[in-house]
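Reader: I've got a model open on my screen and I'd like to learn how to read it. Can you walk me through it, feature by feature?

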Amino acid sequence: DCHKKGDLKTAEILYQELITTGVASETVLLNLGVIYKNTGKEAKALELYKQLIELNDASPEAHSNLGSLYKKIGQLDKALASTLRSLELRPDNPTINMNIGSIYQDLGNIEKALAYTLKSLELQPNNFEAFINLGSIYTELERYDEALAAILKSIDLNPNNPIAHMNLGSIYRDIGDLENALSSTFRSLNLNPNNRNAHMNLGSIYQKLENLDQALACTLNALELDPDDDNVIANLGSIYNDLGDREQALRCTLRCLEINPNNPNTYIILSLIYKNLDNYDEALLASLKSIELDPANDDAYLNLATIYKDRGEINLALDSTLKSVKLNPTNPNVHMNLGNIYKDLGKLDQALASTLKAIELNPNNPKAYMNLGVIYKSLNKPSQAINATLQSLQLNPHDSDVHMNLGVINKQLGNF
């Protein structure tokens, strides 16, 4: 009863007394292990589960709980081995299948993560947690329509789960629906005000909205909840970089790398900071390090391309951008940058094709329309150049560069 009511301290004492008297069942030992895990006593939980398995290797619960513990402490290979052993003993258990899917996702094996999560839902179609996991996997695969459907199904099954609303906000952010992203993330924080990830996500949404003061405040809230979270500190560095505070940005990002020296996204942020400091050698080294850690990261190759372009190494910039396109052919920013490179190389037909592809993938990017106008002007197609430039102004009426381009084109047409 104490355990069910959340009185873990009393429950722990009572479980230990049962063990001392020699009348403890397997359930008692399992429950005590759960309490140890949830109260930060991982070493005690680990020892207890190992003893349980020595006594009864055929206990699926013991192997499953041990796998969950290994996952918590970051020993993913051991987590997978223990949970797979649990599945051998109970192959039709939906929770075990779901947990294996989650471990495979952490290991970066997305195909197996998807397969086990779908198997879990086949066994238990109304498991809201499995739908949350499914949404996360589809998001990682950039299959956003399916991710959205999975998270909305999870919310339909459990309307008050803060993680589901937080993840929904992340999906809306990734597809550019920032209004719904804000709404969903606020809903998540109303349900759980102390979720650092929700505060961090809210900060990233405000950053995309270019509301940097709010972005900073939200990210500092996340940092207050967990001062050593490397992802929060990395985001903080990115925001300081956007605010122009390079010193703070560099300090945060280097601090982040002290905590986790193997985070490829942090090296991308570090590269951007060095680039803004005109330190292109350090920017290049940081970008190459990011690719070394994650060779399949299309953003890292795109970042590398911008550094090569700024260094005047246009052919290397082209190679890096083409690698980025190969890794993620649906990223509109990559196609827009590719169009710019082709334009600089004088390959205007290819520049036009790449820029039109960028607009097809994201019809609301004013920079892409501005670039399109410049390309049409270079192709001596002034009327199309004017139409593209006006479209850019419609999306962003305050861009001085677009106004200047429009003036140049009108002059070419004799429209004084």
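Reader: Let's begin with Asp278: where is its place?

Author: Asp278 sits in the loop between H17 and helix H18 (280-293). Helices here are DSSP runs (H or I, at least four residues), strands are E runs of at least two, and both are numbered from the N terminus. This is a predicted model, where local features need pLDDT of at least 70 and side-chain atom pairs count only at pLDDT 80 or more, while totals for chains, interfaces and linings use all residues. Residues are numbered from 1 along each chain as its sequence is written, and side-chain values use heavy atoms, with hydrogens and water left out.

Reader: Is Asp278 buried or exposed?

Author: You read that from relative accessible area: under 20% is buried, over 50% is exposed, and partly exposed is in between (1.4 Å probe, protein chains only). Asp278 has 57% relative accessibility, so it counts as exposed. Its backbone deserves a look too: Asp278 has a positive phi of about 60 degrees although it is not a glycine.

Reader: Which other residue, not a glycine, has a positive phi near 60 degrees?

Author: Asn380 is one, with phi near 60 degrees. You'll find Asn380 in the loop between helix H23 (366-378) and helix H24 (382-395). Asn380 is exposed because its relative accessible area is 61%.

Reader: And what about Gly244, where is that found?

Author: Gly244 belongs to the loop between helix H15 (230-243) and helix H16 (246-259). With 41% relative accessibility, Gly244 counts as partly exposed. Gly244 and Asn276 are 32 residues apart along the chain, yet 8.8 Å separates their C-alpha atoms.

Reader: Now inside a helix. What does Thr266 in H17 touch?

Author: Contact means heavy atoms within 4.5 Å. Thr266 is found in helix H17 (residues 264-276), and it counts as buried because its relative accessibility is 0%. Leaving aside neighbours within four places in sequence, Thr266 is in contact with Ala234, Thr253, Cys256 and Leu257. Ile268 is in helix H17 as well, and is buried with a relative accessible area of 11%. Not counting residues up to four places away in sequence, Ile268 touches Ser290, Asn297, Asp299, Ala300 and Asn303. Take Ile268 and Asn297: they are 29 residues apart in sequence and 10 Å apart in space, C-alpha to C-alpha.

Reader: How do I check the span of a helix such as H20?

Author: The expected span is 1.5 Å times one less than the number of residues. Helix H20 (residues 314-327) has 14 residues, so at 1.5 Å a residue it should span 20 Å, and its end C-alpha atoms are 20 Å apart, which agrees. Helix H6 (residues 76-89) also has 14 residues and reaches 20 Å from its first C-alpha to its last, close to the expected 20 Å.

Reader: What covers the buried residues of H20 and H6?

Author: In H20 the buried residues are Ala317, Leu318, Ser320, Thr321, Ser324 and Val325, and their cover includes helix H19 (298-310) and helix H21 (332-344). In H6, Leu76, Ala79, Leu80, Ser82, Thr83, Ser86 and Leu87 are buried, with H5, H7 and helix H8 (110-123) among what covers them.

Reader: What about the largest nonpolar core: which residues have the most contacts inside it?

Author: In soluble globular proteins, nonpolar side chains tend to be buried together. A nonpolar core is a set of buried Ala, Val, Leu, Ile, Met, Phe, Trp, Tyr and Cys residues joined through side-chain atoms within 4.5 Å. The largest one here has 102 residues, and those with the most contacts inside it are Tyr49, Leu134 and Leu270. Not counting residues up to four places away in sequence, Tyr49 touches Leu30, Gly33, Val34, Asn65, Leu66 and Leu69.

Reader: Last one, the whole chain: how many helices and strands are there?

Author: The chain has 25 helices and zero strands. Its C-alpha atoms fill a box of roughly 95 × 45 × 40 Å, taken along the principal axes. Of its 416 residues, 46% count as buried. Among contacts between residues at least 6 apart in sequence, 45% join residues at least 24 apart.
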